Amino acid sequence: DPFATDPKRDERLTVLTQKPCNAEPEAAYLAREFATPNELFYVRNHMWVPVVDVEEAPKHELTVELPDGEVRAYTLEELRTRFKIHHVPAVLQCSGNRRSDMTKSVGPTNGLQWGAGAISNAVWEGVLLKDVLRDAGLRTGDDVGATEDDPPSDSLHVQLTGMEAYAASIPLPVAMDARGDVLLAFGMNGKPLPRDHGYPLRAVVPGYVAARSVKWLSRIVVSDEESASQWQRRDYKLFGPNEGGKPNWDRYPAIQEMPITSAITSVLVGKDVKSCTDKSARAAAGVRDLKDWQDKNWVDSPKGTPVEVAGYAYSGGGREIVRVDVSVDGGRTWDQAELLDSPSRNYDDAEETQKKYVVARGRRDWAWKRWQYKGVLLDKSLDQSLQREQGHEILVKAVDSAYNTQPEHHDGIYNVRGNLATAWHRVRVQTND
Ligand code: MTE
Ligand code: MO
């Protein structure tokens, strides 16, 4: 049993499959902190977890093969000591995140039925892939059709292969982009990578689908072809609602940059909001200034039930989340949520523990933004909403710096594989009024 040596997992993870391990944190734990604690970070394994002893880890070898066939090998120790180390706050999100929403609202999809938890955020520590490729001898001259100022050729790809044979690739310009922050990572939130997340070395491709962030990384090949793996060519593509179970895989490109999404991870209603006065419980629920809010909104608003909603919003490609819209009456009225996290390039108002992650260069926004909203669920007599009988429907949708937003329903983006289920997120709650 190759899975016998898999690590133990935290009990707060909901396990979708045991062998291989696929698990997501319960919603209530998902976005409590800016950086998801390592033991709560979602796990998506296609196979078993390779075993690398702590004593062996510094000798772990990464081979780099260039288009001219030249091969250079680096030990982890060499990567750590010879290259500049960077810290990059970045989300990883599986293309199947929220797949179960699409299934519930449209119809069957094949793939793991993830809730809203196949996404997490961490501060990754590692060296830049581009620094290593240049060191290995990759010229930005004729061989890749570019100079320092001129992006390298689109027709080349960086193939990334893991120790258990999982593989994927990214276009070379993504790897070489000075602001792309593609990492060969060995640290996660100030600790060594946990085994489930790629110990001792993984790729982290910020803003891109997590399927490209290859774990247990052992081999890199710069090639004029995409990775030949099934995960590059026969999976992680997005077809039309009508294209069925046997689509023409060669028709569309592999999913790379991620679209925009958001989700509700916690809803407190009525008494729960009131009882949430203990400081740590409040922090856990992401509630701030509760007293202030109660004074203003609840005590003076006897016609409704207070509601406290929290969640995350994220967009790919480094695009910043600029706005989060929330409705607590099924979309009849909207209001803007408070954004709790500032862009990853500017953590001036970050809590002390986050300050050490401030990075000097102008980076793109690879992290998520958590948000919270405090509102009132109107009494029956005041609420004209048609959905009122089935409880109150709470909705969230986000907007990024390119003014991309999410589709209202999953119908139009339905695909049999259930990839990129990014429609408005909806949660129904009941009150006792
Ligand atoms: N890398 C290897 N070697 N093996 C894998 O199974 N899964 C990929 C990617 N890299 C995978 C891998 C997929 S589909 C996802 S969503 C992310 O890893 C999950 O990373 P995580 O388990 O650290 O959250
Ligand atoms: Mo994934």
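# Strands, cores and aromatic pairs

Q: In β5, which residue is the bridge partner of V64?
A: This is a predicted model, in which local features need pLDDT of at least 70 and side-chain atom pairs count only at pLDDT 80 or more, while totals for chains, interfaces and linings use all residues. Residues are numbered from 1 along each chain as its sequence is written, chains are lettered from A and ligands numbered from 1 in the order in which they are written, and side-chain values use heavy atoms, with hydrogens and water left out. Strand β4 (residues 61–65) is joined to β5 by five bridges, the two running antiparallel; strands (E, at least two residues) and helices (H or I, at least four) are DSSP runs, numbered from the N terminus. The residue in β5 that bridges to V64 is R72.

Q: Which strands stand at the edges of the open sheet of five strands?
A: The order of this sheet is β5-β4-β13-β8-β9, with mixed pairing, and two strands count as paired if DSSP finds at least two bridges between them. An edge strand pairs on one side only, and that describes β5 (71–75) and β9 (167–171).

Q: By what angle are neighbouring strands of this sheet turned against each other on average?
A: The angle is taken between axes, which are lines fitted to C-alpha atoms (for helices over the stretch in contact), and angles between N-to-C directions run from 0 to 180 degrees. For neighbouring strands of the sheet β5-β4-β13-β8-β9, the average, with direction ignored, is 20°.

Q: Between which domains does the largest nonpolar core lie?
A: A nonpolar core is a set of buried Ala, Val, Leu, Ile, Met, Phe, Trp, Tyr and Cys residues joined through side-chain atoms within 4.5 Å, where buried means under 20% relative accessible area, exposed over 50% and partly exposed in between (1.4 Å probe, protein chains only). The largest such core has 53 residues, and V64, L133 and I220 are among those with the most contacts inside it. Helix α5 (residues 172–176) gives the largest share, four residues. Because both domains give residues to this core, it lies between domain 1 (13–251) and domain 2 (261–429), whose bounds come from an automatic or database domain assignment.

Q: Which residues does L133 touch, not counting residues up to four places away in sequence?
A: Contact here means heavy atoms within 4.5 Å, and L133 is one of the residues with the most contacts inside the core of 53 residues. Beyond its sequence neighbours, L133 touches V64, L138, V158, L172, A175, M176, I220 and V222.

Q: Is S229 buried or exposed?
A: S229 sits in the loop between β13 (217–223) and α6 (230–233). Leaving aside neighbours within four places in sequence, S229 is in contact with A167 and A168. Its relative accessibility is 11%, so S229 counts as buried.

Q: Why is strand β15 described as largely enclosed by the rest of the structure?
A: Strand β15 (residues 304–314) includes G304, which at 12% relative accessibility counts as buried. Eight bridges join β14 (residues 261–269) to β15 in the antiparallel sense, with V267 opposite V309, and 10 bridges join β15 to β19 (residues 369–378), also antiparallel, with A310 partnered by Q372. The description of β15 as largely enclosed rests on a count, because the number of its residues that are buried is 11 of the 11.

Q: How far apart in space are G304 and V376, C-alpha to C-alpha?
A: In sequence, G304 and V376 are separated by 72 residues. In space, their C-alpha to C-alpha distance is 5.6 Å.

Q: What kind of aromatic pair do Y42 and W114 form?
A: Rings of Phe, Tyr and Trp (its six-membered ring) pair if their centres lie within 6.5 Å, and planes under 30 degrees apart count as stacked, over 60 as edge-to-face and the rest as tilted. Y42 lies in the loop between α1 (27–30) and β3, and W114 in the loop between α3 (99–105) and β7 (119–128), so the pair ties together parts that are 72 residues apart in sequence. Y42 and W114 are both buried. With 6.1 Å centre to centre and 85° between the planes, the pair is edge-to-face.

Q: Is Y252 buried or partly exposed?
A: The rings of Y252 and F239 have centres 5.4 Å apart and planes at 65°, so this pair is edge-to-face. F239 is buried, with a relative accessible area of 9%. Y252 has a relative accessible area of 26%, so Y252 is partly exposed.
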